[in-house]
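Let's take a walk through a protein together. Keep the picture beside you and turn it as you read.

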Amino acid sequence: MAEPGVGRAVAASAAAGCVVGGTAAVTFAVVAGPGPGLTGYVSEAGITDSGYAGAYRIGVFALAAALLLLAVALPQVLEPAAALLAVGGGCTALSGAVTCSAGCPLPPFEAATVADLVHGGSSVAATAAVVFAMLVLVVIPAAGPPLRRAARVGAALALPLSAAIALAMLMVGRGSVVGVLERLLLLVAAGWGLATATVLGLARRS
């Protein structure tokens, strides 16, 4: 039987691969798809009528797997962060499984279906869980300097972006402002996930 440290290193390496592959697949679906560009949501690449919905869902499920693998790769002393990442992974998988309708409408400016609310709510919950996991790693000394540094940078970027998105959705609604901010936040989350997976993998190997 493999030692726990070896298993965590393997999980971290797999998580890094899933982050890269998932981000590439989602980016391809968003860029190549017939969506509204920066004025729309990333999730619009996954609607049923999109010819790139398959690539989008594969990417989302890969990112969900990355979060679950990161949860496995974290040491036991960082269990609170691991639990948040596990929740984030589950919510990400749910957002990939439940497709929103055309335009992915959300309140308060648009009428949304049940599927839209489930998809949007799970996406928000997944992002929130990842950001809170960053904050947990920042405040737990046992995480060690490399993990805390990556989490500190990630949280410093993700928190203001999250607040700006929430404010823009309530005051402006769908548009280029929310579209750009959403993409930046997702890029920060993916970058943090890759950095964290790399730190965990290198630490276990050394």
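How many helices and how many strands are there in the protein? This is a predicted model, and the protein in it has 6 helices and 0 strands. Starting from the N terminus, its elements therefore read α-α-α-α-α-α.

Now step back and look at the overall shape. Along the principal axes, the C-alpha atoms fill a box of roughly 50 × 30 × 25 Å. Is that what a compact globule would give? For 206 residues, such a globule would have a radius of gyration near 17 Å, and the protein agrees, because its own value is 17 Å.

Next, look inside. Of the 206 residues, 44% count as buried. In soluble globular proteins, nonpolar side chains tend to be buried together. Here, the largest nonpolar core has 35 residues, and those touching the most other members are Leu74, Leu78, Leu85, Met134, Leu137, Trp192 and Leu200. Each of the helices α1 (4-32), α2 (53-73), α3 (79-97), α4 (114-139), α5 (145-171) and α6 (176-205) supplies at least two residues of this core. Try finding Leu78: beyond its neighbours within four places in sequence, Leu78 is in contact with Leu137, Ile140, Ala142, Ala143 and Leu147. There is also a second, separate core of 7 residues, among them Ile47, Leu106, Ala168 and Val178.

Finally, turn to the outside and the charges. The accessible surface comes to about 9,700 Å², and carbon and sulfur atoms account for 74% of that. The protein carries 9 positive and 7 negative side chains, with 16 Å between the centres of the two sets.

Key
Residues numbered from 1 in each chain as written. Predicted model: local features only at pLDDT ≥ 70, side-chain atom pairs only at ≥ 80, totals over all residues. Heavy atoms only, no water. Core = buried A, V, L, I, M, F, W, Y, C linked by side-chain atoms within 4.5 Å. Buried < 20%, exposed > 50% of the residue type's maximum accessible area, 1.4 Å probe, protein only. Helix = DSSP H or I, 4+ residues; strand = E, 2+ residues; numbered from the N terminus. Contact = heavy atoms within 4.5 Å. Rg over C-alpha atoms; globule rule 2.2 N^0.38 Å. Areas by Shrake-Rupley, 256 points an atom, 1.4 Å probe, with all protein chains shown as cover. Lys, Arg positive; Asp, Glu negative; His and termini not counted. Charge placed at Lys NZ, Arg CZ, Asp CG, Glu CD.
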